Amino acid sequence: MEDSESRDGVSTSWEEMITIALAVTESMDEGRWELGRIAAGIERRDIPKLAAAIKVGSASLRQYRQCAEFYPPEFWNTYFALSWSHYHEARKAADGDLEIALEWLEKANDLAWPVDELKSEIRRAREGKEPAFDMEHALGRLAALARVIAEHAVGGELVTWAEDVADDATNYQNSVKEK
């Protein structure tokens with residue numbers, strides 16, 4: 001992807017945009033958990049009043065509360081690669097069973113599923129279908145995660161290993177595309 005020029009005329013590379021967007025998303029997720037914690041501390045009947053005061057939809061505030069009440073705080077950020085929305089979808093799929101929700105979160109984390117893929121896999125499971133597996137997508141996600149590790153690792157062998165994994169996954173992904 002090419003560099004993009006923002007409205008203020010500043011040129012931003014694709015990688016910089018991703019980094020900024022990830023930081024914003026992480027901040028939004030932290031806010032959802034915190035709003036859920038706050039909403040869990042008030043009477044349910046007061047949710048609309050709080051929502052109006054902070055200019056958030058009542059339905060959204062109820063969802064934040066449901067997640068904050070469902071997951072013990074020690075699980076709120078167990079999977080650093082997952083967003084609050086992953087937790088929300090896993091909670092809905094679990095029908096009140098924390099262990100089932102955690103199983104979905106673990107799968108989503110291990111397979112680097114975006115939220116839409118988690119929702120799709122939950123739907124497939126409810127329909128009694130086998131999980132979908134897309135080798136090309138999986139390799140792309142592996143390469144992307146390895147690049148994130150390489151960018152955030154501090155020196156030495158870990159950086160080299162992550163760069164090698166990313167390159168190998170990308171090369172293998174390209175060979176799968178060609179077939």
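Asp167 is found in helix H8, which covers residues 156-178. At 39% relative accessibility, Asp167 counts as partly exposed, because that class lies between the buried limit of 20% and the exposed limit of 50%. Arg147 stands 20 residues from Asp167 in sequence, and the two C-alpha atoms are 8.9 Å apart in space. This is a predicted model.

**The chain as a whole**

The chain has eight helices and two strands. Read from the N terminus, the order of elements is β-β-α-α-α-α-α-α-α-α. The chain has 179 residues, and 28% of them count as buried. Its accessible surface comes to about 11,800 Å², and carbon and sulfur atoms account for 53% of that area. Among contacts between residues at least 6 apart in sequence, 45% join residues at least 24 apart.

**Helix H1**

Helix H1 takes in residues 14-40, 27 residues in total. From its first C-alpha to its last, H1 reaches 39 Å, close to the 39 Å expected at 1.5 Å a residue. The buried residues in H1 include Asp29, Arg32, Trp33, Gly36 and Ala39. Three helices pack against the buried residues of H1: helix H2 (47-54), helix H3 (58-70) and helix H4 (84-94).

**Helix H5**

Helix H5 runs over residues 98-110. Its 13 residues should span 18 Å at 1.5 Å a residue, and its end C-alpha atoms are 18 Å apart, which agrees. The buried residues of H5 are Ala101, Leu102, Trp104, Leu105 and Ala108. Seen down the axis of H5, these buried residues fall within an arc of 160°, so they line one face of the helix. An α-helix has 3.6 residues a turn, so residues three or four places apart point the same way. On the other side of H5, Glu99 and Asp110 are exposed.

The buried residues of H5 pack against H3, H4 and helix H6 (115-126). At the N-terminal end, Asp97 caps H5, with a side-chain oxygen 2.9 Å from the backbone nitrogen of Glu99. After H5 comes Ala112, which has a positive phi, near 55°.

**Aromatic pairs**

The structure holds six aromatic pairs. Two of them are set out below.

| Pair | Centre to centre | Angle between planes | Type |
|---|---|---|---|
| Tyr64 and Trp84 | 5.2 Å | 85° | edge-to-face |
| Phe70 and Tyr71 | 4.8 Å | 85° | edge-to-face |

The pair of Tyr64 and Trp84 links distant parts of the chain, since Tyr64 is in helix H3 and Trp84 is in helix H4, 20 residues apart. Both Tyr64 and Trp84 are buried.

For Phe70 and Tyr71, the planes stand at 85°, so the pair is edge-to-face, the class for angles over 60 degrees. Phe70 has 18% relative accessibility and therefore counts as buried, the limit being under 20%. Tyr71, at 0% relative accessibility, also counts as buried.

Phe70 and Tyr71 belong to one aromatic cluster together with Trp33, Trp76 and Tyr87. Trp33 of this cluster is also among the buried residues of H1.

How values were computed: Residues are numbered from 1 along each chain as its sequence is written. This is a predicted model: local features need pLDDT of at least 70, side-chain atom pairs count only at pLDDT 80 or more; totals for chains, interfaces and linings use all residues. Side-chain values use heavy atoms; hydrogens and water are left out. Helices (H or I, at least four residues) and strands (E, at least two) are DSSP runs, numbered from the N terminus. Buried means under 20% relative accessible area, exposed over 50%, partly exposed in between (1.4 Å probe, protein chains only). Contact means heavy atoms within 4.5 Å. Accessible areas come from the Shrake-Rupley method with a 1.4 Å probe; for residues, only the protein chains shown count as cover. The expected span of a helix is 1.5 Å times one less than its number of residues. The arc is that of the directions from the helix axis to the C-beta atoms. A polar contact is a pair of N or O atoms within 3.5 Å; within protein, one must be able to donate a hydrogen and the other to accept it, and residues adjacent in sequence count only if both atoms are side-chain atoms. Rings of Phe, Tyr and Trp (its six-membered ring) pair if their centres lie within 6.5 Å; planes under 30 degrees apart count as stacked, over 60 as edge-to-face and the rest as tilted.
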